[in-house]
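Student: I'd like a close look at one part of this fold. Could you walk me through the sheet and what packs around it?

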Amino acid sequence: MTNFRSTKELSHTAVMIMLKAGVEHAEDMGQPQCIVIVDASGVTLGEIRMTGSKLLSLDTARAKAVTAASHGIPSGMIPDSVRLAVATATGGKGTGLPGGLPIRYDGILLGGIGVGSGAPDQDVAVACAALAAVGAEPI
């Protein structure tokens, strides 16, 4: 075992590209969104609350991003049987709501993106557009 490991990380440039692509996709569909991007440890790297989006959706978008980064799976894949337990155990920092996707590049988990304020399929579509904009692995 070694004391150090090499890895990749999201740059501020990638975060800005993802936010811009997410906003553009949300505008195209006519649904203002809250978008949060976190690194693999759950630290917020960037976020935006689009004009007209729901205020509390910023909190759910963050929880979706953290869940995706923590588990390495879309937040909507958290089983129904444990969703309430996850939310309770994490003090609301985790969720099973759809709209959170892991950010992977070359098979490495770099973080998560969470989107909220629209219907579940709209949230996921905005997150997918953001991933595509930087060449991250699609879900």
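**The sheet and its surroundings**

Tutor: Let's start with one pair of residues: Ile37 has Gly46, in β2, as its bridge partner. Keep in mind that this is a predicted model. Another bridge joins Val38 to Thr44 of β2. Both belong to the pairing of strand β1 (residues 34-39) with strand β2 (residues 44-49), which is antiparallel and runs over 5 bridges. The two strands make a hairpin, with 4 residues between them. In that turn sits Gly42, whose phi is positive, about 90 degrees.

Now zoom out to the sheet. It is an open one made of 4 strands, ordered β2-β1-β4-β3, with antiparallel pairing. Why do β2 and β3 each have one side without a neighbour in the sheet? They stand at the edges and have a single partner strand each, so one side of each is left free of a neighbour there. From one strand to the next, the twist averages 15 degrees.

Helices lie across these strands. Helix α2 crosses β1, β2, β3 and β4, and runs at about 160 degrees to β4. Helix α4 lies across β1, β3 and β4, at about 140 degrees to β4.

What fills the space between such pieces? Here's a handy background idea: in soluble globular proteins, nonpolar side chains tend to be buried together. In this model, the largest nonpolar core has 20 residues, and those touching the most other members are Leu10, Met18, Ile35, Ile37, Ile103, Ile113 and Leu131. So our starting residue, Ile37, turns up again here. At least two residues of this core come from each of α1 (12-29), β1, β3 (100-105), β4 and α4 (120-133). The largest share, 6 residues, is supplied by α1. There is also a second, separate core of 7 residues, with Val36, Val38, Leu58 and Ala69 among them. Why might one strand feed two cores? In a regular strand, side chains alternate between the two faces of the sheet. Back in the bigger group, Leu10 touches Val15, Met18, Ile37, Val38, Leu45, Ile103 and Leu110, leaving out residues up to four places away in sequence.

Next, follow β4 to its end. Gly116 lies in that strand, which covers residues 108-116. With 1% relative accessibility, Gly116 counts as buried, because the cut-off is under 20%. Beyond its neighbours within four places in sequence, Gly116 contacts Gln33, Cys34, Ser57, Ala61, Lys64 and Asp123. One of these, Ser57, is in helix α2 (residues 57-71). Ser57 is buried too, at 8% relative accessibility. Residues up to four places away aside, Ser57 touches Cys34, Gly116 and Ser117.

That brings us to Ser117, in the loop between β4 and α4. Its relative accessibility is 6%, so Ser117 counts as buried. Now for something a bit odd: most residues other than glycine have a negative phi. Ser117 is not a glycine, yet its phi is positive, near 130 degrees. Asp106 also has a positive phi, about 55 degrees, without being a glycine. Asp106 sits in the loop between β3 and β4. Is Asp106 buried or exposed? At 54% relative accessibility, Asp106 counts as exposed, whereas Ser117 is buried.

Terms used: Residues numbered from 1 in each chain as written. Predicted model: local features only at pLDDT ≥ 70, side-chain atom pairs only at ≥ 80, totals over all residues. Heavy atoms only, no water. Pairing = 2+ DSSP bridges. Buried < 20%, exposed > 50% of the residue type's maximum accessible area, 1.4 Å probe, protein only. Contact = heavy atoms within 4.5 Å. Core = buried A, V, L, I, M, F, W, Y, C linked by side-chain atoms within 4.5 Å. Axes fitted to C-alpha atoms, helices over the stretch in contact; angles between N-to-C directions.
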